[in-house]
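Thank you all for coming; I would like to take a few minutes to walk through one structure with you. Please have the sequence and the coordinates open while I talk.

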Amino acid sequence: MSHRSHYRRSVPRRACAAAGALGLGAGLLAGTAILAAAPASAIPIPPSTSSCTYNGSPLGFAASNTTGTPVTVVCTGLPANTLLIVAQTSPLAGVISPSSAATSEADLSTGTAVTTDGSGNLTATITVTATGGSPSFSALDKKAVCPPTQAQVNAGLTNCVVTVADLATTTGLNFGNIIYGTQPTPHRPTLALTPSSIGKGGGTLTASDKAGACPTPVKARSRCWWGAALTGAPNSAAGVPGFITPIHGVPVSNTLAATPAVYCFKSATAPACAGLPVGNGPSNTVRAVTFVCVTSAAHASC
């Protein structure tokens, strides 16, 4: 199930890039946008190539914060004659380690088990809820809430989802985003540049979260780089392209890359979770950090 109650602290996504450019001033680059494009449509979970709609949309649907919202899921391209589960989950499920704990991020009381037909088709209807509504979203991990907290959103975990997953293996196959009327939006990231300027001969410019802007765990006031939290970027398997780094409005080539976010849970196996304490830490979950190197053509490494 893409995307329990002992869990943990958060860990970083990191990015590094090299872009060919000469004679850049820090003032120019300070306003440079660093963007990761989203997949063109939602949203099979690689390696699945399934196609689903959620209340008719392949991307997501609007839901109430106070009452239940019925959502009909129609899919093709799923494994044939396979028992699946359609359930609402917190975005923590998409980045949890170990992945076997993802079921603890789902509201199993509203989930439904469905067997696909011989062609891999599925139709199911479930009721989507919100934390504090009636009925209320409830998962085993009490840090799982819908809509997500401001801190979770700041880390790139922007939407709760309806997930289609293999019931036996909890492997996620497809998901649609839930859009609440009170959906938080991420804070703009705050980056610090080093050095403050680059001469005419070119050089290397690095950027990272400004000191204190993105602590671990992420907080409601944090200003972290937050794109591509589930997949990292670039990620060709997920349809996520590389980053765009415009200089004077013109994109320059770069090797910018970001690893996915990780939610470190009990018995976490992700290398990024090594050494983090196990305890009742906030569910803010993920620290996001960006490092960018802009270099001359003669020096294109980070």
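**Disulfides, strands and core**

I begin with a covalent link: Cys52 and Cys75 are joined by a disulfide, with an S to S distance of 2.0 Å. Please keep in mind throughout that what you are looking at is a predicted model. The torsion about the S-S bond is 115°, and the link of Cys52 and Cys75 is right-handed. Cys52 belongs to strand E5 and Cys75 to strand E7, so this disulfide ties together parts of the chain that are 23 residues apart in sequence. Both of these cysteines, Cys52 and Cys75, are buried.

How are E5 and E7 arranged relative to each other, parallel or antiparallel? They pair in the antiparallel sense, over 4 bridges, and the bridge partner of Cys52 in E7 is Cys75, the residue to which Cys52 is also joined by the disulfide. These two strands are part of an open sheet of 3 strands, in the order E5-E7-E11, with antiparallel pairing. E5 and E11 stand at the edges of this sheet with a single partner strand each, so one side of each is left without a neighbour in the sheet. On average, and with direction ignored, neighbouring strands here are turned by 20° against each other.

By the distance rule the count of disulfides comes to 2, and the other pair is Cys146 and Cys160, whose sulfur atoms are 2.1 Å apart. For Cys146 and Cys160 the torsion about the S-S bond is about -105°, so this disulfide is left-handed. Where do its two ends lie, given that Cys146 and Cys160 are 14 residues apart in sequence? Cys146 lies in the loop between E11 and helix H2 (150-154), while Cys160 lies in the loop between H2 and E12, so the pair ties these two parts together. Cys146 is buried, and Cys160 is buried as well.

Let me now turn to the nonpolar interior. The largest nonpolar core has 26 residues, and those with the most contacts inside it are Val73, Leu122, Val162 and Val164. Seven entries make up the list of elements that give two or more residues to this core: strand E5 (51-54), strand E6 (60-63), strand E7 (69-76), strand E8 (83-89), strand E11 (122-128), strand E12 (161-166) and strand E13 (172-180). Of these, E11 gives the most, with 4 residues. Apart from this core lies another, of 11 residues, among them Leu92, Leu157, Ala229 and Ala261.

Strand E13 deserves a closer look, since I have just named it among the contributors to the largest core. Is E13 mostly covered or mostly open? It is mostly covered, with 8 of its 9 residues buried. E13 pairs with E6 in the parallel sense over 4 bridges, and there Ala63 has Tyr180 of E13 as its bridge partner. E13 is also joined to E12, by 5 bridges, and these two strands run antiparallel; in that pairing, Val164 has Asn174 of E13 as its bridge partner. E12 and E13 form a hairpin with 5 residues between them, and in the turn Thr170 has a positive phi of about 60°.

That brings me to backbone geometry. Most residues other than glycine have a negative phi, and most peptide bonds are trans. Against that background, Asn55 has a positive phi of about 50° although it is not a glycine, and its place is in the loop between E5 and E6. At 42% relative accessibility, Asn55 counts as partly exposed. Asn81 likewise has a positive phi of about 50° without being a glycine, and it is placed in the loop between E7 and E8. With a relative accessible area of 57%, Asn81 is exposed.

Finally, which residues are joined by cis peptide bonds? Pro46 and Pro47 are joined by one, with omega about 10°, and Pro47 lies in the loop between strand E4 (35-36) and E5. Ser97 and Pro98 are also joined by a cis peptide bond, with omega about 5°, and Pro98 is found in the loop between strand E9 (96-97) and strand E10 (106-115).

Key. Residues are numbered from 1 along each chain as its sequence is written. This is a predicted model: local features need pLDDT of at least 70, side-chain atom pairs count only at pLDDT 80 or more; totals for chains, interfaces and linings use all residues. Side-chain values use heavy atoms; hydrogens and water are left out. A nonpolar core is a set of buried Ala, Val, Leu, Ile, Met, Phe, Trp, Tyr and Cys residues joined through side-chain atoms within 4.5 Å. Buried means under 20% relative accessible area, exposed over 50%, partly exposed in between (1.4 Å probe, protein chains only). Two strands pair if DSSP finds at least two bridges between them. A disulfide is a pair of cysteine sulfur atoms within 2.5 Å. Axes are lines fitted to C-alpha atoms, for helices over the stretch in contact, and angles run from 0 to 180 degrees between N-to-C directions.
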